[in-house]
Amino acid sequence: MSPVDDAFISGSLDKTIRLWDLRSPNCQGLMHLQGKPVCSFDPEGLIFAAGVNSEMVKLYDLRSFDKGPFATFKMNYDRTCEWTSLKFSNDGKLILLATNGGFLRLVDAFKGAVLHTFGVSRRRQI
């Protein structure tokens with residue numbers, strides 16, 4: 001959901017991102033990508049991030065997304081898992097990448113540098 005209006009963004013297995021308005025049944029924008037995306041708006045609703053193929057994060061200006069990303073950050077690809085979601089921090093300076101592989105990755109939203117990886121320990125049940 002956009003933090004400023006009635007828009008929302010969706011990523012699909014058909015390798016598309018769609019921009020929607022709650023007041024309309026039809027999508028308001030469509031992007032075709034080279035891989036499966038996860039996406040999210042920044043806190044101001046002006047930028048959105050697209051995580052593509054669990055290996056890169058692309059940043060787009062909402063007003064001119066059809067011109068392509070203004071920044072692309074290539075990440076080390078981990079074949080053991082896929083990204084399941086991404087979310088901006090409240091101040092817009094960080095992006096949290098969630099995975100289905102037992103860890104989360106915290107990324108600098110301006111430089112694309114991985115700042116920290118949070119591992120999820122699995123407790124053995126008796």
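Two strands are taken to pair if DSSP finds at least two bridges between them. Strands (E, at least two residues) are DSSP runs, as are helices (H or I, at least four residues), and both are numbered from the N terminus. The model is predicted: local features need pLDDT of at least 70, side-chain atom pairs count only at pLDDT 80 or more, and totals for chains, interfaces and linings use all residues. Residues are numbered from 1 along each chain as its sequence is written, and side-chain values use heavy atoms, with hydrogens and water left out.

**Exercise 1. Determine the strand order of the open sheet that contains β8 to β11, and state which strands stand at its edges.**

Step 1. The open sheet is formed by 4 strands in the order β8-β9-β10-β11, with antiparallel pairing.

Step 2. β8 (83–88) and β11 each have a single partner strand and stand at the edges, so one side of each is left without a neighbour in the sheet.

Step 3. From one strand to the next the twist averages 20°; here axes are lines fitted to C-alpha atoms, and angles run from 0 to 180 degrees between N-to-C directions.

Step 4. Within this sheet, strand β9 (residues 94–99) and strand β10 (residues 103–108) run antiparallel and are joined by 5 bridges. Arginine 105 in β10 is the bridge partner of leucine 97.

**Exercise 2. Classify glycine 119 and serine 40 as buried or exposed, and list the contacts of each.**

Step 1. The classes are buried (under 20% relative accessible area), exposed (over 50%) and partly exposed (in between), computed with a 1.4 Å probe on protein chains only.

Step 2. Glycine 119 belongs to strand β11 (residues 114–119). Its relative accessible area is 65%, so glycine 119 is exposed.

Step 3. Contact means heavy atoms within 4.5 Å. Not counting residues up to four places away in sequence, glycine 119 touches Gly102 and Phe103. The C-alpha atom of glycine 119 is separated by 23 Å from that of proline 37, and these two residues are 82 residues apart along the chain.

Step 4. Serine 40 is found in strand β4 (residues 37–41). With a relative accessibility of 10%, serine 40 counts as buried.

Step 5. Leaving aside neighbours within four places in sequence, serine 40 is in contact with Ile9, Ile47, Phe48, Ala49, Leu86, Lys87 and Phe88.

**Exercise 3. Describe how the side chains of strand β7 are arranged, and identify the residue opposite phenylalanine 73.**

Step 1. In a regular strand the side chains alternate between the two faces of the sheet.

Step 2. Strand β7 (residues 71–74) shows such alternation: Ala71 and Phe73 point to one face and are buried, whereas Thr72 and Lys74 point to the other and are not.

Step 3. Strand β6 (residues 56–61) runs antiparallel to β7, and 4 bridges join them. Valine 57 stands opposite phenylalanine 73.

**Exercise 4. Characterise the ring pair of phenylalanine 48 and tyrosine 60.**

Step 1. Rings of Phe, Tyr and Trp (its six-membered ring) pair if their centres lie within 6.5 Å; planes under 30 degrees apart count as stacked, over 60 as edge-to-face and the rest as tilted. The structure holds 3 aromatic pairs.

Step 2. For phenylalanine 48 and tyrosine 60 the ring centres are 5.1 Å apart and the planes stand at 15°, so the pair is stacked.

Step 3. Phenylalanine 48 lies in strand β5 (residues 47–52) and tyrosine 60 in strand β6, so the pair ties together parts that are 12 residues apart in sequence.

Step 4. Both phenylalanine 48 and tyrosine 60 are buried. Ring pairs link Phe48, Tyr60 and Phe65 into a cluster.

**Exercise 5. Analyse the salt bridge between lysine 36 and glutamate 82.**

Step 1. A salt bridge requires a side-chain nitrogen of Lys or Arg within 4 Å of a carboxyl oxygen of Asp or Glu. The whole structure contains 5 salt bridges.

Step 2. In the bridge of lysine 36 with glutamate 82, the closest N and O atoms are 3.0 Å apart.

Step 3. Lysine 36 lies in the loop between β3 (29–32) and β4, and glutamate 82 in the loop between β7 and β8, so the pair ties together parts that are 46 residues apart in sequence.

Step 4. Lysine 36 is partly exposed, at a relative accessible area of 31%, and glutamate 82 is partly exposed at 39% relative accessibility.
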